[in-house]
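Have your viewer open and your selection tool ready. We will go from one selection to the next, and at each stop I will tell you what to look for.

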Amino acid sequence: MGFLIAVATIPGLIIGILCGLVPLGIGLRYQQLSWGIVGLVLCALAGFSFSLIGGFILLVLTTAVVISYAFVDREDPFTSRASIEAVNFEESQLEFLMRQMAALGRTIRQSVRALIRNKAGFLGFLGILFFVGISVFGPLFVEYDGDTHVERLQPGARTLFQKPSSEFILGLDWKGRDIFSHMVHGGQNLIITSIEAGLIATLVAVVVGAMAAMIGGVVDQILSAIANFILTIPQFPLLLVLASILSFSNRFYLALLFAALSWPALMRAVRAQVLSLRERDYVQAAVALDLGLPHIIIREVLPNLMSYIVVNMIFSIRSAMYYIVGLVFLGLVPLEEPDWGVMIYVGRQQGAIFNSDGASMILSPVIAIALFQLSLILFTRSLEEVFNPRLRSGL
Amino acid sequence: MAGKEVVLSVQDLSITYLTRRGRLQAVSHASFDLHRGETLALIGESGCGKSTLNFGLMRLLPKNANTDTGKIVYTDQAGQKIDVLALNTRALRKFRWSECAMVFQGAQNSLNPVIHVRDMIYDTAKAHGLNNRGEVRERALELFRKVRLDPERVFNSYPHELSGGMRQRVLIALGLLLNPQVVIFDEPTTALDILTQRSILNVLRDLKEELGFSSIFISHDLAVAAEIADTVATMYAGEIVEMGPVNDIFYEPRHAYTLGLMEASPRLSVGREELDGIPGSPPDLVEPPTGCKFHIRCPFAIETCKTTPPPLEQASMGHIVACYKSSEVLEKGKELRSISSTARVARLS
Amino acid sequence: MGVIPFRRTDQPVSQPSLWSLSKKLLRAVYRSYIFRVTVQGILTLWVVTTCTFYMIRKMPNNPIEVKIDEFQTKQNLTYEEARSKVAGLFDYDPDAPFIEQYTDYMGNLVQGDLGRSITTGRTPVSQQIAKYLPWTLFAVGLGLLISFVIGMIVGAAMAYWRGTVFDNVMTAFASISYGIPDFVIAFMILLIGGIQLELFQVGDYIGSVDPEIKAGLNPEYIRSLLQHVLLPVTTYVLASVGGWMLTMKSSTISTLGEDYITVAHARGLSQRRILFGYVGRNAMLPLMTRLAISVGFVLSGSIIIEYIFIYPGLGKYLFEMTGKRDYTTIQGIFLVTSAAVVISNILADLLYGVLDPRVRVGSK
């Protein structure tokens, strides 16, 4: 199993509601009830689908938004010359926390506005939400149809394949199973593995790239040489051969293998960016103040790379999905049903391509994958606006 | 000066940009005459519409810009009047550079980085029907010599092989290649070091004397403008607020903004220890302030300034100004000058 | 070196000593740059080869053990018998020290011998590669060429008329083309075009070439070749043209915003000259490098596309050999494809140097 869990569970729902009580409570306290309720609903949904992780993240985010509506920044002491002696610079810890949360909340509000502003990007966001929603909540409503149904054989038909009908809206597959139920249940594993692979690859790339650039010298040379070396070997063939030699039983290892092969491109870009950032004045200032490498990388350099990194992470997730489906389709990964990729593989094996009744078995997952990938690409446009402060504030 | 023949006459020129937030009035109702052999300096803060005005003169504005009103009339060497705004694409192409050339900031990449300087020269000549490469080459080398460049070497160089000052000279030579009557200089000395600035200015003055072209000189450096110009026009928020002979403007400014610029400029307020900036920043041109656009930042502002824009009025011979308080400004300017000269005397003694 | 256009001036150089001396110096730096990347390339290939060599012999499930196991169970041989048999197959002496095997292999490699295939009757690997390579080169190369040319033209047009209906429609198309994986397009063509709408007979378009037509330079054969390459090429083009279009568009837009374009307009240059000599040339610069790199990856092709259309390219062959665990062949294919990437990277650098005078000298 990987590190992401995305199943709608009752304990998750309870966790989510508990988390949601925090923004609700703060909303009540500061007369921001409507935002408190929005926070409760979002937390409950996130907890329902992603359990503790989702619930907690949304707890922080929605609370910040509620506080940002309630919290009024005190006047900037530096705007008027007269009061400069009278200003009290003391600040209690709670006040500090509130101010930080309010700042975070304002950033989130700006980000949401930026997200909605770009129509294509918002469309992509909705698309991703749609697929994730179906994969997470779909199983609650649609039962998985895993048994062979010979009784569904139409009179006169030679195969159990069936065209979409009112009873089975996406038709039946070669065993007479409901394709729609496979679509609902079969996306989760693929999406999660792709996201894991993309996340790991990005993480490795950013850490290695930033390290190479900030440390420099021999470390830089060695890391760059490794990256260049991996870039020379065509990726998919190598992945294919390695996957077939190693024959994984677990998809998570596939994600790791993908990450191991695909970090170099982003790493080189991050390295180049950090190298150029390193020459900027504010980074030089941080170096001069001896603030330490982690501080410099995390506080000074990374924020400037965020939009770039996030967009690349999406691309990474996208190509991970492409490669995983590709490997499944070529039959190099153990087949676990239900899965979109396996549907394509088995569909092709069972002659769905040349059987006009069976086209749905291949077309359904193919179109779903296409739409999901398209959504990812469109979503990057919004992400660029969200993570680029200059674009975020809206010209 | 005024008796000389008018080469370029601009009347009531207004230019707006269509932006996401609305119409941006970049130049409003600008009028001026440029006489033969004369240099007109346009001064003002960044974003006051100087460059837009000049791009408008050559119709080089981007697609989202619109020339709403006005007339640009150019008198060519044969004495014929050309209405620039009425030219069709073909005639406009011929008009550009052969009649009116523009020298951009050389430090930026005004030169195509992937082709030789010589090809840029040949391109320009060819576009205007000069196909004899030998002659063009001779002319270019001659000009390079005049702008004090090593002709052969520069002619066969790529732009990136030249220094900022050299590139600026190449641009000047390129601008004079077709012997235009009017040359627009768009901050040609900005972003150059002070010594290079000096030598470029010397080159310009010599060339002007020798070739006799008229020029419009954009600068936010008052010292440079004072040195090269015959007439100075101050622009604020897209309007020409004061225009007059160079000495009038610098010694007897009558617009509060011009005075403010003088006070903010180091080399013109010699002896004063502290420079006074103009408080605030240029107004938003999408929603410009009512009345005089400068009233928010103006120390002389009265109630009328907030509601009614002041008209451009003749203040003295060839000196026009749009300010209700021009006489107060004049007084204040004299006062400041006397202070600074006493300070200077005090320091010298 | 014919590559560097240090063109002669049409006038005798006025100051020969200093100028020609510095020219010579720059040329020397340039030469050493080529020398350096070549050495780097060879080094990379050596590492690739060594790694694959090591992998085959030391990895878990390594093919030698697998084969030995296979012979033991299938043919009831003792371990020693199976082992000697496998040794014969793999063209090496299992008792020889690792270093010796390695030097043997490398020695052969230097002489251009990639070893022999395990599963296809001991045919030389190079011969097998030579058999499958042209198909991939033909299909992917053609696809790349077409999508690059279309992408350049349409992308530049999109930038030129940006904001118009044409731009919006093309941007939407390009986003879809860029966003959808190639195998999706392949399936769409097959399933919707071929099966559902019956626009064409799928059987006539998949595979390499109609086997009944004699190979040669006759029109029928060429027609058959093109007919069978049509679907893979269409897929490649549809899947990759969007990327080229979008890149060219953004590159052209940023070039159009450059000062020298405004200056060129001010100089009264003709629209055509500005478009080709000023906008086009500068906008294409970053794309040429990408093109050269893409050319390097042509050989590795697209395994999935070749598999779907049963096209006998190198990718499909690699997939088959992976299934059969024919490791000498796999090793050979990796060497060849990596070499293509290395060479094209070097060419990309050189090409960039030729096209952009700024990097011709002085760069790292």
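Start in chain C of this predicted model by selecting helix α13, residues 314–324, together with helix α14, residues 327–355. How do α13(C) and α14(C) run relative to each other? Their axes cross at roughly 150°, and an angle over 145 degrees counts as roughly antiparallel, so α13(C) and α14(C) are roughly antiparallel to each other. The two axes come within 9 Å, and the crossing is left-handed.

Now show side chains for the pair. On the α13(C) side, pick C:Leu314, C:Tyr317, C:Leu318, C:Met321 and C:Thr322. Facing them from α14(C) are C:Thr329, C:Ile330, C:Ile333 and C:Thr337. Colour this contact of α13(C) with α14(C) by class and you will get 6 nonpolar residues, 3 polar ones and no charged ones.

Keep α14(C) selected and add helix α7 of chain A, residues 235–246. This second pairing takes you across to another chain: α7(A) and α14(C) pack at about 155°, with their axes 11 Å apart. That angle is again over the limit of 145 degrees, and α7(A) and α14(C) are therefore roughly antiparallel to each other. The crossing of α7(A) and α14(C) is left-handed. Which residues make this contact? From α7(A), select A:Pro237, A:Leu238, A:Val241 and A:Ile245. From α14(C), select C:Tyr327, C:Ile330 and C:Phe334. By class, the contact of α7(A) with α14(C) has 7 nonpolar residues, no polar ones and no charged ones. Pause on C:Ile330 here: this residue meets α13(C) and also takes part in the contact with α7(A).

Next, zoom out to the whole of chain C. Chain C has 15 helices and 0 strands. Of its 364 residues, 48% are buried. If you build a contact map of chain C, look at the pairs with a separation of 6 or more: 69% of those contacts come from residues 24 or more positions apart. Switch on a surface and chain C exposes about 17,800 Å², with carbon and sulfur atoms supplying 64% of it.

Stay in chain C and centre on C:Leu269, in the loop between α10 (259–266) and α11 (271–296). Is C:Leu269 buried or exposed? Its relative accessible area is 4%, and since buried means under 20%, C:Leu269 is buried. Leaving aside neighbours within four places in sequence, C:Leu269 is in contact with C:Ala264, C:Ile274 and C:Tyr278 of chain C, and with B:Arg93, B:Asp123, B:Thr124 and B:Ala127 of chain B. For a long distance label, try C:Leu269 to C:Thr50: they are 219 residues apart in sequence and 57 Å apart in space, C-alpha to C-alpha.

Those contacts are a good cue to hop over to chain B, where two backbone angles deserve a look. Most residues other than glycine have a negative phi. B:His29, in strand β2 (residues 22–35), is not a glycine and yet has a positive phi of about 50°. B:Arg59 is not a glycine either, and its phi is positive at about 55°. You will find B:Arg59 in the loop between α1 (50–57) and β4 (65–75), partly exposed with a relative accessible area of 27%.

One more stop in chain B: select B:Asp230, in the loop between α8 (222–228) and β9 (231–236). B:Asp230 counts as partly exposed, at 23% relative accessibility. Draw a C-alpha distance from B:Asp230 to B:Tyr324, 94 residues apart along the chain, and it should read 26 Å.

Finish with chain A. Its secondary structure comes to 13 helices and 0 strands. Of its 395 residues, 49% count as buried. Among contacts between residues at least 6 apart in sequence, 73% join residues at least 24 apart. Chain A exposes about 19,100 Å², and 66% of that comes from carbon and sulfur atoms.

For the last selection, go to A:Thr380 in helix α12 (residues 359–387) of chain A. A:Thr380 is buried, with a relative accessible area of 5%. Not counting residues up to four places away in sequence, A:Thr380 touches A:Val311 and A:Ile314.

Terms used. Residues are numbered from 1 along each chain as its sequence is written. Chains are lettered from A and ligands numbered from 1 in the order in which they are written. This is a predicted model: local features need pLDDT of at least 70, side-chain atom pairs count only at pLDDT 80 or more; totals for chains, interfaces and linings use all residues. Side-chain values use heavy atoms; hydrogens and water are left out. Axes are lines fitted to C-alpha atoms, for helices over the stretch in contact, and angles run from 0 to 180 degrees between N-to-C directions. Helices (H or I, at least four residues) and strands (E, at least two) are DSSP runs, numbered from the N terminus. Angles under 35 degrees count as roughly parallel, over 145 as roughly antiparallel, 65 to 115 as roughly perpendicular and the rest as oblique. A crossing is left-handed if the near helix is turned anticlockwise from the far one by less than a right angle, and right-handed if clockwise. Contact means heavy atoms within 4.5 Å. Ala, Val, Leu, Ile, Met, Phe, Trp, Tyr, Cys and Pro count as nonpolar, Asp, Glu, Lys and Arg as charged, and the others, Gly among them, as polar. Buried means under 20% relative accessible area, exposed over 50%, partly exposed in between (1.4 Å probe, protein chains only). Accessible areas come from the Shrake-Rupley method with a 1.4 Å probe; for residues, only the protein chains shown count as cover.
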